[in-house]
Amino acid sequence: MPPFASFADLRAVCLDLPSGHPAASLAVAMREDTLTKPPKSLGRLEELVAFLAHWQGHAPPRLDRTEVLVFAGNHGVTKQGVSAYPAEVTAQMVANFSHGGAAINQLARTGGAALRVIPLQLDAPTADFTESPALTEAEFLAAVAAGHDAVSPDSDLICLGEMGIGNTTAAAALAAASFGGGGARWAGRGTGIDDDGLARKRDVIDRALDRHSGLLDDPLRIAAAFGGRELAAILGATLAARRHNIPLLLDGFVCTAAVAPLYKLRTDTLSHALAGHVSAEAGHRALLDELNLKPLLDLDMRLGEASGAATALLLLRAALACHTGMATFAEAGVSDKPADESAEPKAAG
């Protein structure tokens with residue numbers, strides 16, 4: 001049985017969440033103060049270890065069981081000419097993932113993470129959201145449940161990503177519905193559309209906003225009206241990770257837009273999530289600002305498929321290696337007291 005059977009049930013789950021383990025993050029901070037380095041000299045690397053401990057509930061934290069979840073879906077709005085690629089590319093890329101030929105295969109392997117790709121009814125695209133909601137309530141909840149159920153409760157960390165031709169249009173529409181500004185603020189070139197394609201994309205978003213103006217005060221109905229199955233699954237996986245106290249790495253613009261409804265329902269819902277990177281896709285930096293997420297990396301990436309999140313995993317491993325592998329001042333026989341620069345120098349001899 002899925003954990004929710006209606007928008008109301010899902011909303012109730014979204015508002016009843018655990019808050020982590022402050023004792024574990026405090027233990028990490030106390031150890032950091034004993035390591036052979038000036039205080040706070042590793043900057044955000046120290047904060048990242050404390051973050052992992054806070055949500056995992058033990059110090060030091062672990063990254064033994066890490067997983068990359070990539071959800072794939074197709075979008076009816078592609079018939080509006082908003083993508084440079086046809087919808088069948090989604091299934092073709094899923095096949096490429098299964099054969100190990102995509103960027104995420106290489107990044108997941110390098111980061112020591114298991115990769116799971118979860119296609120969601122690729123032969124049944126969502127409705128064109130300029131004509132009707134992309135997903136009915138039942139379709140949306142089924143996709144949320146698929147994402148929720150994909151999360152392994154014993155994971156140490158999960159990286160989330162997506163694949164779906166047309167989904168930057170869905171993400172931009174979802175962002176516009178959530179935070180305002182219309183297509184001009186949020187639409188980017190996605191897979192590489194030209195100027196005419198970008199103008200169509202912006203127009204499509206604005207028409208959809210007009211059509212669905214009556215539901216813009218309900219974050220979950222926004223997610224169903226403008227999103228897609230893979231976006232809904234990302235929302236479900238993010239919610240499940242929070243319920244299981246599992247820290248998350250989010251990927252780029254689409255992934256971030258997918259979780260925006262959770263933030264709109266409760267602003268601390270994403271406290272267990274880190275933005276793996278800020279992508280080159282237009283709107284992503286603004287969306288991160290809206291969600292109060294500070295990206296770990298800025299590499300001009302815009303591939304999707306969890307590539308930015310998986311790359312950021314390497315940074316978390318570096319942070320944890322320093323925390324667990326460095327010697328303390330006592331172990332190394334190094335003085336942990338800085339010299340008193342105000343003291344008078346002693347005379348020689």
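This is a short walk through one protein chain, from its overall shape down to a few single residues.

Okay, housekeeping before anything else. What we have is a predicted model, where local features need pLDDT of at least 70, side-chain atom pairs count only at pLDDT 80 or more, and totals for chains, interfaces and linings use all residues. Residues are numbered from 1 along each chain as its sequence is written, and side-chain values use heavy atoms, with hydrogens and water left out.

So, the overall picture. The protein chain has 15 helices and five strands; helices here are DSSP runs of H or I with at least four residues, strands are runs of E with at least two, and both are numbered from the N terminus. The radius of gyration is 22 Å, close to the 20 Å from the globule rule for 349 residues, so the chain is as compact as a globular protein of that length. That radius is taken over C-alpha atoms, and the rule is 2.2 Å times the number of residues to the power 0.38. Along the principal axes, the C-alpha trace spans about 90 × 45 × 40 Å.

How much of the chain is buried? Of the 349 residues, 54% are, where buried means under 20% relative accessible area, exposed means over 50%, and partly exposed is in between, with a 1.4 Å probe and protein chains only. The chain exposes about 14500 Å², and carbon and sulfur atoms supply 53% of that; the areas come from the Shrake-Rupley method with a 1.4 Å probe, and for residues only the protein chains shown count as cover. As for contacts, meaning heavy atoms within 4.5 Å, take those with a separation of 6 or more: residues 24 or more positions apart account for 80% of them.

Now two helices. Helix 3, residues 44–56, has 13 residues and reaches 18 Å from its first C-alpha to its last, close to the 18 Å expected at 1.5 Å a residue. The expected span is 1.5 Å times one less than the number of residues. In helix 3, 10 of the 13 residues are buried, so it is largely enclosed by the rest of the structure. Among those buried residues are F51, H54 and W55. What do the buried residues of helix 3 pack against? The list is helix 2 (22–32), strand 3 (157–163), helix 11, strand 5 (273–275) and helix 14 (307–325). Right after helix 3 comes G57, with a positive phi near 85°.

Helix 11 was on that packing list, so let's go there. The 15 residues of helix 11, 229–243, should span 21 Å at 1.5 Å a residue, and the end C-alpha atoms are 21 Å apart, which agrees. Helix 11 is mostly covered, with 14 of its 15 residues buried. It is followed by N245, whose phi is positive as well, near 60°. One residue to click on in helix 11 is R229, which counts as buried at 6% relative accessibility. Leaving aside neighbours within four places in sequence, R229 has contacts that include Q121, T126 and E139.

On to the loops. L122 sits in the loop between strand 2 (114–119) and helix 6, and is buried with a relative accessible area of 18%. L122 touches, among others, A72, N74 and V94, not counting residues up to four places away in sequence. L122 and A72 are 50 residues apart along the chain, with 7.5 Å between their C-alpha atoms. G192, in the loop between helix 8 (182–186) and helix 9 (195–211), is partly exposed at 45% relative accessibility. From G192 to A84 is 108 residues in sequence but 6.0 Å in space, C-alpha to C-alpha.

Aromatics next. There are two aromatic pairs, counting Phe, Tyr and Trp rings (the six-membered one for Trp) with centres within 6.5 Å; planes under 30 degrees apart are stacked, over 60 edge-to-face, the rest tilted. F7 and F140 have ring centres 5.8 Å apart and planes at 40°, so that pair is tilted. F7 lies in helix 1 (residues 7–14) and F140 in helix 6 (residues 137–150), so the pair ties together parts 133 residues apart in sequence. Both F7 and F140 are buried.

Last, cysteines. With a disulfide taken as two cysteine sulfur atoms within 2.5 Å, the count is zero. Why is C255 unbonded? The closest cysteine sulfur, in C159, is 9.7 Å from that of C255, too far for a bond. C255 is buried, at 0% relative accessible area. C322 is in no disulfide either, with the nearest cysteine sulfur, that of C159, 19 Å away; C322 is partly exposed at 26%.
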